[in-house]
Amino acid sequence: MTRSGSSAVVYASAKALGWAVADEPFGPWDRTSEPYNYPKEQVELHRVHYERGERLTPETVSLAERVLSRIAEDQRSDTVIVKMPHAMIEPKDVEQFWPDHKLAFLIRNPLARLNSLYTRGWTDTIEPPHDIERLRLFLHRVMHQPVERRFTFDEFTDTPRRFFRRLWAAWGAEFSEEQVELAVRYKAKTYHESSGETIEGRNPHRVLSEHRADVPEEAVRAYLDDPVIGTFLYRMGWDTTADRYLSS
């Protein structure tokens, strides 16, 4: 989901492996100009995908393959990492239409992720009430994946070498330890403010959302009281104490 570290993970991996990136090509943004320069069909892809209820169909698959092929050609790679947050595609659709594609799911502590949205003022991306329904859907999809496809933001930040090795193995990539170090260096030096928009030299560990609690108490209570979210936090070993997420 948004603010879960997917941009940093994808671009660091692409840099190290020499792969192309398709950054939310199904999403609601026109990415035919800088810094993406995707083919003009990308706008049409979003429109058609949205009209089909955000489900893959033979029509959207054909259009997506044209867009992804152009992106791969433009970025001079035969492999593309498709970043797809917001639960925009059903995993079972990918397995049906692209059975050879490799999937990975990245999850961040839901309240830490929500706090990141609030500290940035991105409240217009939070679907009422408090993004709970979209979160439940994503958690359902994550927990139905085999463990080798599940990754956490904590693992990415705390043990990045292990993270990249495990992620790339899930993708079936061949890689060297030199490439692992390249990805780790990229992570340390490049802060992704939003998707492909970067801030060079900013310390990725010194971000506002890690030092300030902006989530309204109502949202914190709703997350902790929700049986699905609360159980997930407990199972992941994340704090389920309200004070941990509230400003003092």
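# Report on selected residues, strands and one pocket

D93 counts as buried, at 3% relative accessibility; buried means under 20% relative accessible area, exposed over 50%, and partly exposed in between, with a 1.4 Å probe and protein chains only. The model is predicted: local features need pLDDT of at least 70 and side-chain atom pairs count only at pLDDT 80 or more, whereas totals for chains, interfaces and linings use all residues. Residues are numbered from 1 along each chain as its sequence is written, and side-chain values use heavy atoms, with hydrogens and water left out.

D93 is found in helix α4. Helices (H or I, at least four residues) and strands (E, at least two) are DSSP runs, numbered from the N terminus. Not counting residues up to four places away in sequence, D93 touches R55, L56 and W98; a contact means heavy atoms within 4.5 Å.

**Loop residues and the N-terminal segment**

I89 lies in the loop between β2 and α4. L56, which D93 touches, is also in contact with I89. Beyond four places in sequence, the other contacts of I89 are F26, H49, E54, M84, V94 and R141. The C-alpha atoms of I89 and R55 are separated by 6.2 Å, although these positions lie 34 residues apart along the chain count.

P25 is placed in the loop between β1 and α2. Leaving out residues up to four places away in sequence, P25 touches Q42, L45, H46, L68, V82, K83 and M84. From P25 to P39 the C-alpha to C-alpha distance is 10.0 Å, and the two prolines are 14 residues apart in sequence.

S4 sits in the segment before α1 (6-17). A polar atom of the S4 side chain lies 2.9 Å from the backbone oxygen of M1. A polar contact is a pair of N or O atoms within 3.5 Å; within protein, one must be able to donate a hydrogen and the other to accept it, and residues adjacent in sequence count only if both atoms are side-chain atoms. S4 also touches L106, R108, R113 and F153, not counting residues up to four places away in sequence.

The table gives burial for these and two further loop residues.

| Residue | Place | Relative accessibility |
|---|---|---|
| S4 | segment before α1 | 3%, buried |
| P25 | loop between β1 and α2 | 1%, buried |
| E54 | loop between α2 and α3 | 26%, partly exposed |
| I89 | loop between β2 and α4 | 14%, buried |
| D131 | loop between α5 and α6 | 1%, buried |

**Backbone exceptions**

Most residues other than glycine have a negative phi, and most peptide bonds are trans. E54 is not a glycine, yet has a positive phi of about 55°. D131, also not a glycine, has a positive phi of about 65°. The peptide bond from E34 to P35 is cis, with omega near 0°; P35 lies in the loop between β1 and α2 (41-51). A cis peptide bond also joins P128 and P129, with omega of about 0°. P129 is in the loop between α5 (110-120) and α6, and D131 is placed in the loop between α5 and α6 as well.

**Strands β1 and β2**

Strand β1 (residues 20-23) and strand β2 (residues 80-83) pair in the parallel sense over four bridges. Two strands pair if DSSP finds at least two bridges between them. V21 stands opposite I81 in β2, and D23 has K83 as its bridge partner. Both faces of β1 are covered: A20 and A22 on one side, and V21 and D23 on the other, are all buried. In β2 the side chains alternate, with I81 and K83 pointing to one face and buried, while V80 and V82 point to the other and are not buried.

**The second largest pocket**

The second largest pocket has a volume of about 1100 Å³. A pocket is an open set of points on a 1 Å grid over the protein atoms alone, where a 1.4 Å probe fits, with protein on both sides within 12 Å along at least five of seven lines; lining residues have an atom within 4 Å of a point. The lining comprises 38 residues, of which V82, K83, K102, L103 and A104 lie nearest the centre of the pocket. At least two lining residues come from each of α1, α3 (58-74), β2, α4 (91-97), β3 (105-107), α6 (132-143) and α8 (160-170). By class, the lining divides into 27 nonpolar, five polar and six charged residues. Here Ala, Val, Leu, Ile, Met, Phe, Trp, Tyr, Cys and Pro count as nonpolar, Asp, Glu, Lys and Arg as charged, and the others, Gly among them, as polar.

Conventions: Points joined across faces, edges and corners; volume = space filled by probe spheres on them.
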